[in-house]
Amino acid sequence: MKSKQTLLNLIEKKQAKIGIIGLGYVGLPLGLEFIEGGFNVIGFDVDEKKIPILLNGNSYIKHIKDERIKNAVDTGRLEATTDFSRLPEVDVIIICVPTPLDEHREPDMSYVVSTAETIQKYLREGQLVTLESTTYPGTTEEILLPLFEDAPSFKSKGKVGKDFYLAFSPEREDPNNPNFTTKTIPKVIGGCTEACLEVAKAVYDAVIDKTVPVSSPRVAEATKLLENIYRSVNIALVNELKMVFHRMDIDIWEVINAASSKPFGYHPFYPGPGLGGHCIPIDPFYLTWKAREYEVNTKFIELAGEINTHQPYYVVQRVMEVLNQRGKSLNGAKVLILGAAYKKNIDDMRESPSLKLIEILRSKGAVVSYNDPYVPKLPPTRKYKFDMESVELTENNLQDFELILLSTDHDVYDYEFIIKNSKLVIDTRNAFRKKGIQSDKLYDA
Ligand SMILES: NC(=O)c1ccc[n+]([C@@H]2O[C@H](COP(=O)([O-])OP(=O)(O)OC[C@H]3O[C@@H](n4cnc5c(N)ncnc54)[C@H](O)[C@@H]3O)[C@@H](O)[C@H]2O)c1
């Protein structure tokens, strides 16, 4: 029988082989972190297109440099495959698959469940499995644990903490933030047993500067949700205040700047065109769903969701008001949206409010185009299938639009050039004024 000590020894000597399931925004950088920390990694993904790209030493994520992938492949430390029968080759399995919401805004656990079923088939004695996908408290012990206990390789029921190890450790990432990397962001870990926590901590300690052990997977799962709910609620609060202060002719941005001078008890959040990204618009509702099982309503989460969902509608209302002041109507107006990604300087389109803006503006008769230097063509999403390509930002093109709507404040935008050559600009991010630009063509939303 493989003892816990065998696995700990392998980890200590960096001879433990790491398997990452799901090579996306979370799994790929995590795999590279292990490789750069001296481990060998097998990346598993169901997406056949990703494997040859990686094996050719290239990246499909903008902020992950080709060079890192190439080094990983050239040194023989990175393998990538769609063949899950190779799972027994690895000592540690880290799950980084998507956890979206379904069309009824309820947790879609299908990726986690199908991954767990695949692991069940191949799980062998002495392996550690950690789940990193954001999810509701209870997932690790309610979905993964029973499946793994029944893995065919265990003669009778497998014993967690003895035959195999299981933990939850949520991913924390701020895409494209140069101040934090996977290595320097502290990592919370909750194990199903003390032994599970010990081996999971040893694995992450080998490549992450600081780990934060907690008493159970449920606490670790809840921690991740608290972090994202905190953001969602506070963003909703400033979005609401933006609407109130606008009516009162008070500049929300000036208020936030002034409040930020308080050295304690205040953390600034900023309004925008609506929530985006894989986490904040989605994760809070995992708790809402689970809380129903306990007959508790998550009123704060719902209210924040309501305000944040309304935000793109508010922006379009402002577009109509501004056009109206100039004697124009939105119906038939040519509108150019600047920025398709959900946040600045990245190419990630998931849940981007720009897509919602396109939908609402079109429904009101506007002729909508977009520009995004990082998104040459709008990729199809589960909800939207826009066939649109990024319009070049030339003098002529800008002048051709009745209104320019800034949705994502990419740093590469030449804001002086844009304002100079546009008829009318609505800025949802305060990007122009941050650059010191004042103009009677410029409006807030
Ligand atoms: N992106 C972030 O900034 C971020 C931050 C914190 C937490 N998370 C969480 O991490 C998880 C993964 O998010 P992501 O952003 O990396 O998603 P992603 O869509 O970028 O990547 C997921 C990968 O999993 C693959 N995949 C899907 N089903 C699979 C299966 N059954 N087996 C193997 N591979 C499969 C997909 O092909 C894709 O490559 C989610 O739960 C998300 O909420 C993401």
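Start by selecting strand β12, residues 425-427, and strand β13: three bridges join them, and the two run parallel. Helices (H or I, at least four residues) and strands (E, at least two) are DSSP runs here, numbered from the N terminus. Two strands pair if DSSP finds at least two bridges between them. Now click on Val425, whose bridge partner in β13 is Leu442.

A quick note before you go on: this is a predicted model, in which local features need pLDDT of at least 70 and side-chain atom pairs count only at pLDDT 80 or more, while totals for chains, interfaces and linings use all residues. Residues are numbered from 1 along each chain as its sequence is written, and side-chain values use heavy atoms, with hydrogens and water left out.

Widen the selection to the whole open sheet, five strands in the order β10-β9-β11-β12-β13 with parallel pairing. β10 (367-371) and β13 (442-444) are at the edges with a single partner strand each, so one side of each has no neighbour in the sheet. From one strand to the next, the twist averages 25°; axes are lines fitted to C-alpha atoms, for helices over the stretch in contact, and angles run from 0 to 180 degrees between N-to-C directions. Add helix α11, residues 299-325, which packs on this sheet and touches β11 (403-406), β12 and β13. Contact means heavy atoms within 4.5 Å. The direction of α11 makes about 150° with that of β11.

Next, hop over to the other sheet. It is open too, with eight strands in the order β3-β2-β1-β4-β5-β6-β7-β8 and mixed pairing. Which strands stand at the edges? They are β3 (78-81) and β8 (211-214); each has a single partner strand, so one side is left without a neighbour in the sheet. Zoom in on β2 (residues 40-44), which runs parallel to β3 and is joined to it by four bridges. Ile42 has Glu79 in β3 as its bridge partner. Show helix α2 (residues 27-36) as well: it packs on the sheet, touching β1 (17-21), β2, β3 and β4 (92-95).

Last stop: the ligand. Select the 27 residues around it, among which Tyr25, Val26, Asp45, Lys50 and Thr99 come nearest; a residue counts as near if one of its heavy atoms lies within 4 Å. For polar contacts, look for pairs of N or O atoms within 3.5 Å. A polar backbone atom of Tyr25 is 3.0 Å from a ligand oxygen atom. An N or O atom in the Asp45 side chain is 2.6 Å from an oxygen atom of the ligand. With Lys50, a polar side-chain atom lies 2.8 Å from a ligand oxygen. Finish with helix α5 (residues 110-122), which gives the most to the shell, three residues.

Technical notes
A polar contact is a pair of N or O atoms within 3.5 Å; within protein, one must be able to donate a hydrogen and the other to accept it, and residues adjacent in sequence count only if both atoms are side-chain atoms.
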